[in-house]
Amino acid sequence: MATDYDAPRKSEDDNESIEALKERVPDKLSGSIIDAEDADNPGFELAGADLSDVELDVVVLPQQDDEFTCMNCFLVRHRSQMDHESDLGPICRECSV
Ligand SMILES: [Zn+2]
């Protein structure tokens with residue numbers, strides 16, 4: 001009797017689970033679409049972070065041995081453009097004119 005009683009219960013459970021899945025499938029699909037959209041947004045944010053790193057690299061220009069920073073205009077110039085060394089540091093030709 002126990003087996004006969006369990007058999008119909010399993011079928012009923014399966015029917016209920018299938019109906020529940022049919023109702024839940026649309027929700028899962030919509031949820032997956034929303035997740036995909038959310039996944040794209042962090043990608044753009046990461047791209048922005050990469051751009052900020054590039055900007056930092058541009059700001060921090062490594063001064064070469066044949067270059068100097070003018071203490072008047074604070075521009076990195078080639079050594080050939082140096083006019084003279086002041087008390088503060090090198091002064092370029094444009095600033096000394
Ligand atoms: Zn200068």
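**Exercise 1. Cys 73 and the zinc site**

Cys 73 has a relative accessibility of 26%; work out which burial class this value belongs to, and then describe the metal site to which Cys 73 contributes a donor atom.

*Solution.* The model is a predicted one, and the steps below should be read with that in mind.

Step 1. The partly exposed class lies between the buried class, under 20%, and the exposed class, over 50%, so Cys 73, at 26% relative accessibility, counts as partly exposed.

Step 2. The zinc ion is held through the SG atoms of Cys 70, Cys 73, Cys 92 and Cys 95, at 2.2 to 2.4 Å. Along the sequence, these donor residues follow the spacing C-x2-C-x18-C-x2-C.

Step 3. For the geometry, the angles among the four donor atoms are what matters, and they run from 101 to 117 degrees. Four donors count as tetrahedral if all angles lie between 85 and 135 degrees, and the site of the zinc ion is accordingly tetrahedral. As a point of reference, the ideal angle for four tetrahedral donors is 109.5 degrees.

Step 4. The remaining donor residues can now be placed in their burial classes. Cys 70 is buried, its relative accessible area being 0%, and Cys 92 is likewise buried at 0%, whereas Cys 95, at 26%, counts as partly exposed.

**Exercise 2. Cysteine pairs**

Find out how many disulfides a search of the whole structure gives.

*Solution.* A disulfide is a covalent bond between the sulfur atoms of two cysteines. The test applied here asks for a pair of cysteine sulfur atoms within 2.5 Å, and the search of the whole structure returns zero disulfides.

**Exercise 3. The surroundings of Cys 92**

Locate Cys 92 among the secondary-structure elements, and list the residues it touches beyond its neighbours in sequence.

*Solution.* Step 1. Cys 92 belongs to strand β4.

Step 2. Once residues up to four places away in sequence are set aside, Cys 92 touches Phe 68, Cys 70, Cys 73, Arg 77, Gln 81, Met 82 and Asp 83; two of these, Cys 70 and Cys 73, are also donor residues of the zinc ion.

Step 3. Gln 81 stands 11 residues from Cys 92 along the chain, while the C-alpha atoms of the two are separated by 5.6 Å.

**Exercise 4. A pair of opposite charges**

Identify the partner with which Arg 77 forms a salt bridge, and explain which parts of the chain the pair ties together.

*Solution.* Step 1. Side chains of opposite charge can pair when their charged atoms come close. A search of the whole structure finds one salt bridge, and it joins Arg 77 to Glu 94, with the closest N and O atoms 3.2 Å apart.

Step 2. Because Arg 77 lies in strand β2 (residues 76-78) and Glu 94 in helix α2 (residues 93-96), the pair ties together parts that are 17 residues apart in sequence.

Step 3. The two partners fall into separate burial classes: Arg 77 is buried, with a relative accessible area of 11%, whereas Glu 94, at 56%, counts as exposed.

Step 4. Glu 94 is also among the contacts of Arg 77, which, leaving aside neighbours within four places in sequence, comprise Asp 66, Glu 67, Phe 68, Cys 92 and Glu 94.

**Exercise 5. Strand and loop residues**

Describe the position and the exposure of Glu 67, Phe 74 and Asp 87.

*Solution.* Step 1. Glu 67 sits in strand β1 and is partly exposed, with a relative accessible area of 25%. Its contacts, not counting residues up to four places away in sequence, are Pro 62, Val 76, Arg 77, His 78 and Arg 79.

Step 2. Phe 74 occupies the loop between β1 (67-69) and β2, and with a relative accessible area of 58% it is exposed. Its phi is near 55 degrees, which is a positive value in a residue other than glycine.

Step 3. Asp 87 is placed in the loop between β3 (82-85) and β4 (90-92), where it counts as exposed at 86% relative accessibility. Asp 87 and Met 71, 16 residues apart in sequence, have their C-alpha atoms 9.6 Å apart.

**Exercise 6. The chain as a whole**

State how many helices and strands the protein chain has, and what share of its residues is buried.

*Solution.* Step 1. The protein chain has two helices and four strands, arranged from the N terminus as α-β-β-β-β-α.

Step 2. Of its 97 residues, 8% are buried. The chain exposes about 8,300 Å², and carbon and sulfur atoms supply 57% of that area.

Step 3. Among contacts with a separation of 6 or more, residues 24 or more positions apart account for 4%.

Notes. Residues are numbered from 1 along each chain as its sequence is written. This is a predicted model: local features need pLDDT of at least 70, side-chain atom pairs count only at pLDDT 80 or more; totals for chains, interfaces and linings use all residues. Side-chain values use heavy atoms; hydrogens and water are left out. Donors are N, O and S atoms within 2.8 Å of the metal (3.2 Å for Na, K and Ca); water is not among the atoms, so sites may look incomplete. Four donors count as tetrahedral if all angles lie between 85 and 135 degrees; four count as square planar and six as octahedral if opposite donors are over 155 degrees apart and all others between 65 and 115; anything else is irregular. Buried means under 20% relative accessible area, exposed over 50%, partly exposed in between (1.4 Å probe, protein chains only). A salt bridge is a side-chain nitrogen of Lys or Arg within 4 Å of a carboxyl oxygen of Asp or Glu. Contact means heavy atoms within 4.5 Å. Accessible areas come from the Shrake-Rupley method with a 1.4 Å probe; for residues, only the protein chains shown count as cover.
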